[in-house]
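Biologist: Before I plan anything at the bench, I would like to go through this model with you, one question at a time.

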Amino acid sequence: MRRGTNLPRMGDFNQTVVLDVVRRAGGGLARADVARRTGLSPQTVTNVARRLLDLGLVVEEGATARSGPGRPGTLLRLNPVSRFAVGVHLDPATMTFVLLDLSGAVVARRQRPTPVPEDPGAVVDGLVGEIEGLLASAEVERDRVLGVGIAAPGPIDVDAGVVLDPPHLPGWHDVPLRDAVAERTGLLAVLDKDVTAAACAHLWHPQERSSDFVFFYLGTGVAVSTVLHDEVVRGVSGNAGESGHLVADPDGAPCWCGRRGCLGAVLRAEALAEQGRAAGVALPGWGDGSDPRAVDEAVSALCAAAAAGHAGARDVLRLAGRRVGMAAGVLTDLLDLPAILVGGPLWDRIAPFAADALAAEVAAHPVPGGHPLTVASSEFGPQVGAVGAGCILLGRAFTPRPTDLLLVS
C-alpha cells in the first residue's frame with residue numbers, strides 16, 4: 001500500500017536533513033552551502049535554520065568570506081552540548097556506560113563487573129545505579145538527555161523491549177529490560193542487540209569509511225552485523241547477526257551442532273581460553289568455563305602470556321585473527337562488500353596479536369570482481385557497544401530517514 005506525507009512531516013524531515021549536513025561538516029557551514037549540499041531552496045534553509053537555532057541544536061558564529069557584493073554570512077555550527085544520550089552495554093562479564101553529546105563524543109564513561117549475571121533484578125539495580133551516577137557526575141541538565149540506549153545479548157524482542165533467552169545470560173527469560181530501566185530512571189529507553197548497536201556506532205560519526213561493510217563483534221560471544229548504504233540490516237525480528245554456526249575453519253573444534261569450526265565453537269571467549277590452556281598457558285581459577293567473570297580473567301591471562309612472549313598463547317591469538325578473516329571472506333563475497341570492521345571487548349584485547357593475522361588473511365583472499373577489500377579495527381575499542389547504543393538514540397531523533405515521511409495508519 002502506498003502512503004503519502006504532509007507538510008509537518010516534510011518540515012521535520014528537512015530539519016533533520018539540514019542538521020545532518022551541518023553536523024557532518026564539522027567546522028560549520030554557511031546557509032548558501034547548506035542549500036547547495038541539500039538541494040533545498042535558500043528560503044527553506046533559512047526557515048529550517050531558524051527552527052534549529054530556536055531549539056538550540058545549532059549556533060551561529062564567525063563569518064564566511066564572500067567574493068561578491070553583500071554582507072558576509074554567518075556559519076551554522078552544531079551545538080554539541082544541546083542534547084545528550086546515555087549508552088549502556090550489558091555484557092555477561094562487564095557493564096559499560098557512556099554519555100554522548102550530540103556530536104557523538106564520549107563526555108563521561110563508567111565500567112563495572114556485571115553483578116550476578118544470572119539474576120536480572122540485581123543487574124537492573126546495577127544498571128540504574130550506574131546510569132544515575134553517570135548523569136550526576138557529568139552534571140548535565142536532565143531535560144537535555146534524550147534517553148538511554150541499551151545494547152544487550154540477543155535474542156531480543158525489539159518492539160517489546162524484552163530480552164528473551166540469551167545463551168550467555170542464564171536465568172534471563174522474557175525480561176522487560178527496556179521498560180524496567182525507563183520506569184526506574186524516568187527516561188526514554190530503547191533496547192537493541194549488542195552487535196547491531198556496535199555497527200551503529202560507526203554510522204553516527206562522520207568519517208572516511210565505506211557506507212557498506214560487515215562488522216564482526218567479539219565479546220563474550222561472537223556475532224556479525226551487515227551495513228548496506230549506511231543502514232544496519234536488522235532482519236524481520238531485529239535479531240540479524242546470529243552467526244555462531246557460520247563455519248570459519250573446517251579443521252576447527254567440533255561444535256554442538258555437529259559441524260566443526262563454527263564461529264561460536266572457535267572464537268567465543270571461553271573457546272579461546274580453552275585453546276590457551278591446551279597450548280600450555282596457566283589459567284588460574286578457570287573452573288569449568290561457565291562463569292563469565294572467570295572466562296574474562298582467563299582471557300586476560302591468555303593475552304598477558306602472549307605479551308610476555310609465550311609462543312603457544314601467540315599462536316592461539318594469531319589463529320583467532322585468521323579465523324575472523326576466513327569468515328569475513330565468505331560474507332564479503334556473498335554480499336559484495338568492500339570493507340570489514342572488527343570490534344568488541346574481546347577483540348580489543350586480542351587485536352595486538354590477532355590483527356596482523358586477520359589483515360594477512362584478508363589480503364590473500366581473492367575478491368570476485370577485483371574491488372579493494374579493506375579491514376580495520378573499530379576506533380571505539382571495548383566501549384563500541386555502549387557508544388552504539390547511545391548513537392541509536394541520536395540517530396532516531398536526528399537522522400533523516402525517508403520512511404519518517406510516510407503517514408501511519
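**Two sheets, a helix and a pocket**

Modeller: In this predicted model, strand S4 (residues 84–90) and strand S5 (residues 94–101) pair in the antiparallel sense over seven bridges.

Biologist: Which residue in S5 stands opposite histidine 89?

Modeller: S4 covers residues 84–90 and S5 covers residues 94–101, and the two strands run antiparallel. The residue in S5 that stands opposite histidine 89 is threonine 96.

Biologist: Which are the edge strands of the open sheet that holds S4 and S5?

Modeller: The five strands of that open sheet follow the order S6-S5-S4-S7-S10, with mixed pairing. An edge strand here pairs on one side only, and the edge strands are S6 (106–113) and S10 (189–193).

Biologist: What angle does the direction of H12 make with that of S4?

Modeller: The sheet itself has an average twist of 15° from one strand to the next. H12 packs on this sheet and touches S4, S5, S6, strand S7 (145–152) and S10, while its direction makes an angle with that of S4 of about 140°.

Biologist: Is alanine 389 buried or exposed?

Modeller: Alanine 389 lies in helix H12, which spans residues 384–398. Leaving aside neighbours within four places in sequence, alanine 389 is in contact with Gly87, Val88, Gly149, Ile150, Ala151 and Ala197. The relative accessible area of alanine 389 is 0%, and the cut-off for buried is under 20%, so alanine 389 is buried.

Biologist: How many disulfides does a search of the whole structure find, and why does cysteine 257 not form one with cysteine 262?

Modeller: The sulfur of cysteine 257 has its closest cysteine sulfur in cysteine 262, at 3.7 Å, and because a disulfide requires the two sulfur atoms to be within 2.5 Å, this pair is too far for a bond. A search of the whole structure gives a number of disulfides equal to zero.

Biologist: Which of cysteine 257 and cysteine 303 counts as buried?

Modeller: Cysteine 257 has 31% relative accessibility and therefore counts as partly exposed. At 10% relative accessibility, the one that counts as buried is cysteine 303.

Biologist: In the open sheet with the order S13-S12-S11-S14-S15, what is the bridge partner of valine 227 in S13?

Modeller: The pairing in this sheet of five strands is mixed, and its edge strands are S13 (231–232) and S15 (374–377). S12 (residues 222–228) and S13 run antiparallel and are joined by two bridges. The partner of valine 227 in S13 is valine 232.

Biologist: How many of the ten residues of helix H8 are buried?

Modeller: H8 spans residues 269–278 and is mostly covered. Its buried residues are Ala269, Glu270, Ala271, Leu272, Ala273, Gln275 and Gly276, and what covers them includes helix H7 (263–267), helix H9 (292–307), helix H10 (311–335) and helix H11 (345–363). Of the ten residues in H8, the number buried is seven.

Biologist: Which elements give two or more residues to the lining of the largest pocket?

Modeller: About 720 Å³ of space lies in the largest pocket. Its lining has 32 residues, and those that lie nearest the centre are Pro167, His168, Gly221, Val222 and Arg268. The elements that give two or more residues to this lining are S12, H7 and H9.

Technical notes:
Residues are numbered from 1 along each chain as its sequence is written. This is a predicted model: local features need pLDDT of at least 70, side-chain atom pairs count only at pLDDT 80 or more; totals for chains, interfaces and linings use all residues. Side-chain values use heavy atoms; hydrogens and water are left out. Buried means under 20% relative accessible area, exposed over 50%, partly exposed in between (1.4 Å probe, protein chains only). Helices (H or I, at least four residues) and strands (E, at least two) are DSSP runs, numbered from the N terminus. Contact means heavy atoms within 4.5 Å. Two strands pair if DSSP finds at least two bridges between them. On a 1 Å grid over the protein atoms alone, a cavity is a set of points where a 1.4 Å probe fits but cannot get out, and a pocket is an open set with protein on both sides within 12 Å along at least five of seven lines; lining residues have an atom within 4 Å of a point. Grid points are joined across faces, edges and corners, and a volume is the space filled by probe spheres set on the points. Axes are lines fitted to C-alpha atoms, for helices over the stretch in contact, and angles run from 0 to 180 degrees between N-to-C directions.
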